[in-house]
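Here are some worked exercises on packing, interfaces and backbone oddities. Try each task with the structure open before you read its solution.

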Amino acid sequence: MLASHQDLLRIAPELILCATGILIMLLDPFLAGGHHQETGAGRRVTDVLAVVGSAAALASTALLAWNRGTAFSGLLTADALSIFLHGIVCGVALLVALGSPAYLDREHLPHGEYFALVLFATAGMGVMASTEELVTGFIALEVSSISSYILAGYRRDNERSSEAAMKYFLLGSFATAFLLYGIALVYGASGTTLLPNIDSAASHTTLLAIGFALIFVGLGFKVAAAPFQLWTPDVYEGAPAPVTAMLSSAPKAAAFALLLRILVSVSEASHLWFWALWVSAVLSMFLGNLAAVVQTSVKRMLAYSSVAHAGYILVAFAARNQVGTAAVLFYLAAYALMKVGAFTTVAWLGGTGETYVELNDYEGLASARPIAAACLALFLLSLLGLPVTAGFLAKLYVFDAALHSHLVWLAVILAVNSVIAAYYYLRVIVAMYMRPARRPFTRERIPAGVAAVLAITAVGVIYLGLFPNQVMNLAIQAATMFSVSR
Amino acid sequence: MSSAHLLTLLTFLPAAGAMTLLLLRGDDHLWLRRLALTVSLAEFVISLFLIRGFDASASGYQFEEFRNWILQPPIHYHLGLDGISLFLVLLTTFLTVIAVGASWNSIQEKVKGFFISLLVLETGVIGVFVSLDLILFFVFWEVMLIPMYFLIGIWGHERRVYAAMKFVLYTMLGSILMLVGILWLFNATGTFDLPLIQSLLQTGRVTFSPRVELLLFGAFFLAFAIKVPLFPLHTWLPDAHTEAPTAGSIMLAGVLLKMGTYGLLRFCLPLFPAASRRLAPWVALLAIIGIIYGALVSLVQTDLKRLVAYSSVSHLGFVVLGLFALSSTSVAGALYQMLNHGVSTGALFLLVGMLYDRRHTHDIAEFGGLVIPMPVIASFFLFVSLSSLGLPMLNGFVGEFLILNGTFQHHARWAVFAAIGVILSSLYLLWAYQRTFYGEVTKEQNRALPDASARERSLLWAMAALILFMGVASPLFTGRSEASVERTLEDMSRPAKTGPVEARMPAPCRLCPPEQGGSRTMASDHWAPSAPGARLR
């Protein structure tokens, strides 16, 4: 069957991302000088291509909005949810494309492969965001995962980076095996892998239940929720910081999208998953926050904090109402902004070889690098959930969703965890603002790309904290499209 | 001056001033100070217009402003002022001027950041006092934490980081549970608007089961009790007050603690009257323990600043006792005592800060005989101490008298125990005064200490004048707050229980038509834009 032009319009962002990725790969050999080293000009060409490609993909989500509907016989759908998530995923790609060149230059890493992989990974996540079919979801997940595995080990001569890649690959393969097996069981029980049809076609409920339990394990791994979070700290710490910025935000959003679609379409999963979501949320919050408290490395601390944030998002999931769905989406948008901002700052402050990522290294930063310190403080306060930042409203919506479904205990646990989290976020601020510098700081200008990322994310965090109406409207539109089956 | 946006102006002028400070050069200390002083003075002068426009006979909110802010869930920018918050706003603007003056020479590092923090803090505190939307209130409540955190943590004394962290974590633990309570209220009533919630509760359109009301009361109470601080939640206070720079201590003791008692009066009592009445004896017990405990601990302090800090625990115990005695006299007294404590303790911290500027210690043993080198500071210290211990003619007396009188009418025993605190306060204050200022000059370096400079003198005169004025002209203050206090106590009455129509947690939105009320989809009940006429007034 040939794809109609409508079908193609509905995957416009993916097409653009893949095309740009392929173009970069094709150009890469020609841009290289001797010894497979890219020339300065060649690098700039790939940098610009990556930025233009991801920006175009971001812009082309508008095409999705104008051509809503299903594509490829119902495998994909362009609806409010997929548009919202495409915004996040492509936005993150754009921010990563802006923030990475300075890092790659500093670490003497090739640009071409890097950006091609970033774009391919993003394309995979984009498909995940819009798929309504499990096998397509699986393939999309693999496309994004395999690119991510390589990106995690991109600092080849760095032990930690290689370890991160290996760990991520092994555990990730294991988790995808769970996912695939689950999909097979679901297909066995219902004879279909199209999510909207499963409910009516299901004949064998036990098999279906086991299938969805396995799928939950697979996706739980991807969103770094406890008890499947073990890979997170090592991978986030070992991967190049700009890659961590991407890993901690975009794939999570994509995996949450799939989780959301399953939860919404399949009432069986929705029932079965409630306690799984509840327990996983509580575990993620406590494990993530308590482990983050004792970290000495800021990068690793932020890694654990993303486990905790996965827990917060799961609280909204467990609410299983439309408020919760909207809360999840708003949270993902806010979270992407603050995490990308924080990791980009960490990447830049780390210096060559990411030497300065320990808490001690941040002492006295406020006087030496006031702008970077102020931005990082803002992101941390937003992660902590203080008002006037996006993080506060995101948390407010999660609380609201939980209480709307009478999950009072979950709300109280979330509240307690926010206080635990305050301790380790504030510790970084203490180091930056209240301690004298221990190491000499060289005067450095913030590279233009990094400055752009910081400006966009910082303004975005405050803007979403003060004027959330437009984004919230989009989230609510996406949430009202389908009502959660109970 | 147009009064239409007076509260917005008051709330955001300091923040705008802080933004302007950001533009100045960081090493231009003189102009940073001048600009900060100008902004805070302008703010104070503008706040005086509130008195002129204030209608003392009206019990409701005045200078109201109402705008949509966040559509879903419906959070409004709703400001308003009544007799309860009027003088707390004035106290804030006044003490900020004093705080700026007190920091003139004692802050020499990161001057720009200091004054920015101070002004942002002022915005936060005023916002807390004038917000009538629960989420807006919460936003200001949390926003003010950050500048205070920096004030203590960057410009404080030796153990500043520990104190700052403790302060933030304590406050946050209480406030985040309050946020859960706020959202619970929202899920039961469908609005965050305080006057609207009050009228819904009062007309019996929304009711809570006793258990739910108790839980909600607890969620709010904990946040405020930590802030007050009520015994045994007070342990953050001595550290925060002692380690903060002088201006920080003035703002902490003067205004921030009042946010706790203000919250009790504004939210806990009128929203959850049954739970308040039920728990009043226990709260009063804690308050009395706090009064006596705070006083006893003050008595044994060797650190002058810590002594003043603990005296706050004792004084705020009086305020809480007055509030939970629930008579109009005692509540009026509690409200007045909030102002008194702000002025008197603010002045004490100012004086202690002046001693610190000269000797860089708070240790009482390091002083002694200071009346000889610095008679002016000594006499002001005595005057302020007398006001703090409640000498008639001065402000402290009026508040304590009203509280004890009002409490005695209903709960004589409470008043008897609380009165012990009055005696103890004379003891620790006068004893500390004696050890610090009287006797021989024990340390040689104290002999040559300079007396108050012109700047310090003007600050002290301002404080002393206010202390005397509030002591003799108290009706000017209580007269304006009377109507609002009466209204708050009236708000605590509820219509008779009409059977089992109690809204437990899964209450559908009470504002929606009944045919929609049952379903729980978002479109119909939860985030529906508030019904027309939802603002009842």
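**Exercise 1.** At what angle do the axes of helix H18 (residues 454-472) of chain B and helix H19 (residues 474-491) of chain B cross, and within what distance do they come?

Before we start, a word on the ground rules: this is a predicted model, where local features need pLDDT of at least 70, side-chain atom pairs count only at pLDDT 80 or more, and totals for chains, interfaces and linings use all residues. Residues are numbered from 1 along each chain as its sequence is written, chains are lettered from A and ligands numbered from 1 in the order in which they are written, and side-chain values use heavy atoms, with hydrogens and water left out.

*Solution.*
- Step 1: get the elements. Helices (H or I, at least four residues) and strands (E, at least two) are DSSP runs, numbered from the N terminus.
- Step 2: fit the axes. These are lines through C-alpha atoms, for helices over the stretch in contact, and angles run from 0 to 180 degrees between N-to-C directions.
- Step 3: read off the geometry. The axes of H18(B) and H19(B) cross at roughly 65° and come within 5 Å.
- Step 4: name it. That makes H18(B) roughly perpendicular to H19(B) (angles under 35 degrees count as roughly parallel, over 145 as roughly antiparallel, 65 to 115 as roughly perpendicular and the rest as oblique).
- Step 5: list the contact (heavy atoms within 4.5 Å). From H18(B) come B:Phe469, B:Met470 and B:Val472, and they meet B:Ser474, B:Pro475, B:Leu476 and B:Phe477 of H19(B).
- Step 6: sort by class. You get six nonpolar, one polar and no charged (Ala, Val, Leu, Ile, Met, Phe, Trp, Tyr, Cys and Pro count as nonpolar, Asp, Glu, Lys and Arg as charged, and the others, Gly among them, as polar).

**Exercise 2.** Describe how H6 packs on H7, and H17 on H19, in chain A.

*Solution.*
- Step 1: take helix H6 (residues 134-152) and helix H7 (residues 159-190) of chain A. They pack at about 175°, axes 9 Å apart, and that makes H6(A) roughly antiparallel to H7(A).
- Step 2: look at who touches. H6(A) brings residues including A:Phe138, A:Leu141 and A:Tyr149, while H7(A) brings, among them, A:Tyr168, A:Phe169 and A:Ile183. By class, this contact has 14 nonpolar, five polar and one charged residues.
- Step 3: move on to helix H17 (residues 370-384) and helix H19 (residues 408-434) of chain A. Their axes cross at roughly 170° and come within 9 Å, so H17(A) and H19(A) are roughly antiparallel to each other.
- Step 4: sort that contact. It divides into 16 nonpolar, one polar and no charged, including A:Leu380 and A:Leu384 of H17(A) and A:Tyr425 and A:Met432 of H19(A).

**Exercise 3.** How much area do chain B and chain A bury between them?

*Solution.*
- Step 1: the area. Chain B and chain A bury about 3700 Å², 78% of it on carbon and sulfur atoms (accessible area, 1.4 Å probe, that two parts lose on being put together, summed over both).
- Step 2: the residues. The contact takes 41 from chain B and 41 from chain A.
- Step 3: the source on chain B. H7(B) gives the largest share of the side touching chain A, 15 residues. By class, that side of chain B has 31 nonpolar, five polar and five charged residues.
- Step 4: salt bridges (a side-chain nitrogen of Lys or Arg within 4 Å of a carboxyl oxygen of Asp or Glu). Between chain B and chain A the count is zero.

**Exercise 4.** Find a salt bridge, then the backbone oddities.

*Solution.*
- Step 1: over all chains there are 24 salt bridges. One of them joins the side chains of A:Arg43 and A:Asp105 (3.7 Å, N to O).
- Step 2: A:Arg43 lies in helix H3 (residues 40-66) of chain A and A:Asp105 in helix H4 (residues 80-107) of chain A, so the pair ties together parts 62 residues apart in sequence.
- Step 3: A:Ala226 and A:Pro227 share a cis peptide bond, omega about 0°. A:Pro227 sits in the loop between helix H9 (205-222) and helix H10 (232-238) of chain A.
- Step 4: A:Ala224 is found in the loop between H9 and H10 of chain A, and has a positive phi of about 60° although it is not a glycine.
- Step 5: in chain B, a cis peptide bond joins B:Gln72 and B:Pro73, omega about -5°.
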